[in-house]
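I set out to look up one helix and its cover, and then the salt bridges. My entries follow the structure shown here.

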Amino acid sequence: MQSSGAPPAPGRRRPVPPRQPPARRLALPAWLDGPMTSCQLVVGAAGMLLAIGLVMVFSASAIEAALDDQPAWRPGVDQVVFAAIGLGAALVAVRLPVGFLRRWALPGLVVAAVLLVLVLVPGIGLELNGSRAWIDLGFTTFQPSELAKLVFALWGAHVLAARERFLTVRTLLVPLLPVFAGLSFLLYREPDFGGIVSLGLVLAGLLWAGGLPLRYWAGFVAAGGAALYLMARSAPYRWERVTSFLDPFADPTNAGFQAVRGFYALATGGLWGVGLGNSAMKWNLLPEAESDYIFAIIGEELGFLGCLVVVGLYAVLAWAGFRIARRSSDRFVQLACVAITVWLVGQAALNMGYVVGLLPVTGLTLPLVSAGGTSLVLTLFIVGLLIRFARSEPEAVEHLRRADRGRLSRWVLPVPERAVDPAHPRRVRRPERPGRAGHPAPDGEPPAPRPAGPGARTVARVVPAPPGERAPRERLPARERRTADGRGRLPEARRQPPPRARASAPEQPRRPR
């Protein structure tokens with residue numbers, strides 16, 4: 001039917017065409033969009049990575065320990081002990097209030113800076129592989145740079161969250177860049193090139209979550225690349241590491257030795273791998289096989305599919321961390337989640353990148369997988385913080401309050417009181433004792449007078465006059481004497497009941513004057 005072009009008759013409406021239904025977006029399954037999905041993904045991905053790491057540390061370190069006249073099971077048992085300590089630290093992190101983390105972020109940053117200074121002192125700092133980056137505790141070694149990364153992430157998130165209302169580019173950069181430069185200088189003096197790179201990942205996560213405009217990122221990338229170039233040029237062994245990844249086979253016995261052995265391990269594994277425990281490179285052929293190059297041992301024993309599983313677990317951990325930041329109501333939690341997630345996943349990407357030959361060797365470990373006591377304990381503590389942040393999502397808090405849980409579950413994993421915790425909570429007032437002002441006193445005891453505070457008005461207690469004497473007239477304050485009428489009564493406006501009583505009382509007609 002063709003339209004005649006004539007206007008419609010008066011009183012009639014032109015028929016409205018049916019509205020097209022909106023295009024359906026890709027909907028996630030119900031089990032992947034629940035209130036506790038973030039927490040479950042963090043626990044599952046981190047738990048599987050930890051299990052894979054424990055198994056691979058047992059496998060990669062047994063031969064080297066036996067060649068050093070030590071029990072073959074000793075490095076693996078040590079890793080299990082540190083994992084148990086780290087799980088205890090994760091449970092502590094789950095119970096920590098967000099306000100506690102914010103209040104102690106600055107003191108923790110000061111402590112980390114002091115430890116980074118002490119590690120440079122001969123006799124206190126322990127030098128291993130040409131770097132004085134550890135403190136010998138007797139039963140184990142402690143690496144202060146790992147603590148510095150964590151407290152820098154928490155302190156930076158606290159500062160940016162406190163300045164959220166008046167945050168500009170200057171206020172975003174000024175508190176973070178000077179502290180980053182100071183910590184990087186201390187790490188450079190150790191020297192710890194990988195620690196500087198990890199600290200840079202934390203800074204990048206904070207700036208990204210803080211909303212740094214895109215036009216500034218090009219300048220930061222250029223400045224960071226220039227700084228890394230100068231640091232690499234300052235030491236010959238660093239420059240060899242940087243240039244050897246371009247062509248490791250040009251010097252396979254010196255600068256490219258470790259990279260070439262890693263390639264051989266990955267090539268030997270193929271698709272399915274040679275089997276768990278059957279690696280040939282761990283027979284003292286691949287240096288640092290249980291720490292820096294454990295991903296190569298995974299590729300040799302478990303094959304390409306094993307490497308794909310590890311990469312997928314880190315991808316799940318990254319998605320869960322960003323999901324927590326997106327669904328949280330607390331600005332501090334959002335900033336801290338992004339910084340921690342960028343740090344963990346970025347460090348894992350750098351480790352796997354130099355193992356496969358895409359990046360220069362930086363000495364960074366694979367989080368939750370590589371051998372190392374301090375790194376494993378602090379990484380599990382960070383995982384506990386992610387679980388704590390996931391449980392503080394508004395939907396998660398409501399779900400946990402409605403769920404029926406046992407006594408042990410309520411004690412180990414308490415429900416957060418609120419979705420947003422204040423940085424400096426107010427002190428809770430103690431309940432008033434009987435006999436104080438506003439509270440009834442026991443029978444036979446007079447009520448205690450209310451103490452006068454600054455700016456308060458003291459009301460004198462009326463003492464009854466003796467028999468035969470005239471009671472003294474109550475003296476009104478000067479302000480009320482000026483507003484009272486001649487008979488000592490207050491005007492009508494002052495004798496009105498309070499607003500709440502006036503609102504509830506029935507309205508009465510006014511008397512004519």
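I began with α7, where Phe185 and Arg189 are exposed (over 50% relative accessible area, 1.4 Å probe, protein chains only; buried is under 20%, partly exposed in between) on the other side of the helix from its buried residues. The model is predicted, so I note that local features need pLDDT of at least 70, side-chain atom pairs count only at pLDDT 80 or more, and totals for chains, interfaces and linings use all residues. Residues are numbered from 1 along each chain as its sequence is written, and side-chain values use heavy atoms, without hydrogens and water.

I then listed the buried residues of α7: Leu176, Phe180, Leu183, Ser184, Leu186 and Leu187. They line one face of the helix, because they fall within an arc of 160° seen down its axis (directions from the axis to the C-beta atoms). I found that their cover includes α4, α5, α6 and α8 (contact is heavy atoms within 4.5 Å). Helices are DSSP runs of H or I, at least four residues, numbered from the N terminus.

Next I searched the whole structure for salt bridges (a side-chain nitrogen of Lys or Arg within 4 Å of a carboxyl oxygen of Asp or Glu) and obtained eight.

I looked up Lys282 and Glu301, which form one with N and O 3.5 Å apart. Lys282 lies in the loop between α11 and α12, and Glu301 in α12, 19 residues apart. Lys282 is buried at 7%, and Glu301 is buried at 2%.

Lastly, I recorded Asp78 and Arg74, which meet at 3.4 Å, N to O. They are four residues apart in α2, so about one helical turn separates them.

Note on methods: Helix = DSSP H or I, 4+ residues; strand = E, 2+ residues; numbered from the N terminus.
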